[in-house]
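Reader: I would love a close look at the salt bridges in this model. Could you walk me through them, one pair at a time?

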Amino acid sequence: MRTAFAAREFTDDTLPDDVLSRILDNARFAPSGGNRQGAHITVVRDARTRRRLAELGAPAARRYVAQLMAGESPWNPLRPSGVPQDVIDATEIPDAFVAPLANAPVLLVVSVDLGVVAVLDQELDRVGIAGGASVYPLVWNILLAARNEGYGGTITTMAIAAEDEVRRLLGIPDTHAVAALVPLGKPVRQPTRLRRRSVAEFVTRERFDGPAFEG
Ligand SMILES: Cc1cc2nc3c(=O)[nH]c(=O)nc-3n(C[C@H](O)[C@H](O)[C@H](O)COP(=O)(O)O)c2cc1C
């Protein structure tokens, strides 16, 4: 947990099916609401399909970068972006947004059957978040399991903004939500230290505005 980083650069090593199979066989013990296990994983090795999936994420990545450059918090659901569309369209995206999906030996497209997911916040007047809890533990388990085998990857979400096209490309039914595209491969390097807030910075006692939990 302390060293599992977002791997975006991979060596030329393959990720053989038997290793991927072990990764998925460990990851499948992830929890889901009511143990309904609505996730589906499409294993994409075909290079053209991976490149197409990377391209489908490009418009969202352009907006992400344009918002960052304008000092906004990209894609946040509270404050609409003030960046004009023509500025977004003209924004160059770093290779780091496209290359991992195109260059990894394998790309997992994780979707989840909305027909079995309990979404407890669906009637609240805000963007839904609870449904993700029935699929992201599996996604994170995949990354931890991959690390256990000497591999790594990243949760990517840019292509979700083009979900219809992702579904069409891979034949995913429209009752499934696309939750993540996860490139996996052998990382080129291992960072020495991950930058994360300390516990006392985001944990409080008894109330949200209670004293910091210092342990
Ligand atoms: C929900 C979610 C969405 C993410 N989407 C992307 C993405 O689209 N592209 C990408 O390169 N990284 C993506 N990431 C990776 C994060 O940028 C990364 O986990 C974070 O910067 C911490 O990186 P580190 O573990 O290497 O320190 C995403 C991570 C999460 C949890």
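**Salt bridges, pair by pair**

Author: Happy to! In this predicted model, a good place to start is the salt bridge between the side chains of arginine 167 and glutamate 163, with N and O 2.7 Å apart. Both residues belong to helix α7, which covers residues 163–170, and they sit 4 residues apart, about one turn of the helix. Arginine 167 and glutamate 163 are both buried. The pair is also part of a wider arrangement, since salt bridges with shared partners connect Glu163, Asp164 and Arg167 in one network.

Let us turn to another pair. Aspartate 25 and arginine 28 form a salt bridge through their side chains, at 2.5 Å from N to O. Here aspartate 25 is partly exposed, because its relative accessibility of 38% lies between the 20% limit for buried and the 50% limit for exposed. Arginine 28 is partly exposed too, with a relative accessible area of 48%.

A further salt bridge joins glutamate 9 to arginine 189, and their closest N and O atoms are 2.7 Å apart. This one ties together distant parts of the chain: glutamate 9 lies in the segment before α1 (17–27), while arginine 189 lies in the loop between β4 (176–185) and α8 (199–202), 180 residues away. Glutamate 9 has a relative accessibility of 45%, so this residue counts as partly exposed.

The pairs described here are among the 9 salt bridges counted in the model.

Definitions and conventions. Residues numbered from 1 in each chain as written. Predicted model: local features only at pLDDT ≥ 70, side-chain atom pairs only at ≥ 80, totals over all residues. Heavy atoms only, no water. Salt bridge = Lys/Arg side-chain N within 4 Å of Asp/Glu carboxyl O. Helix = DSSP H or I, 4+ residues; strand = E, 2+ residues; numbered from the N terminus. Buried < 20%, exposed > 50% of the residue type's maximum accessible area, 1.4 Å probe, protein only.
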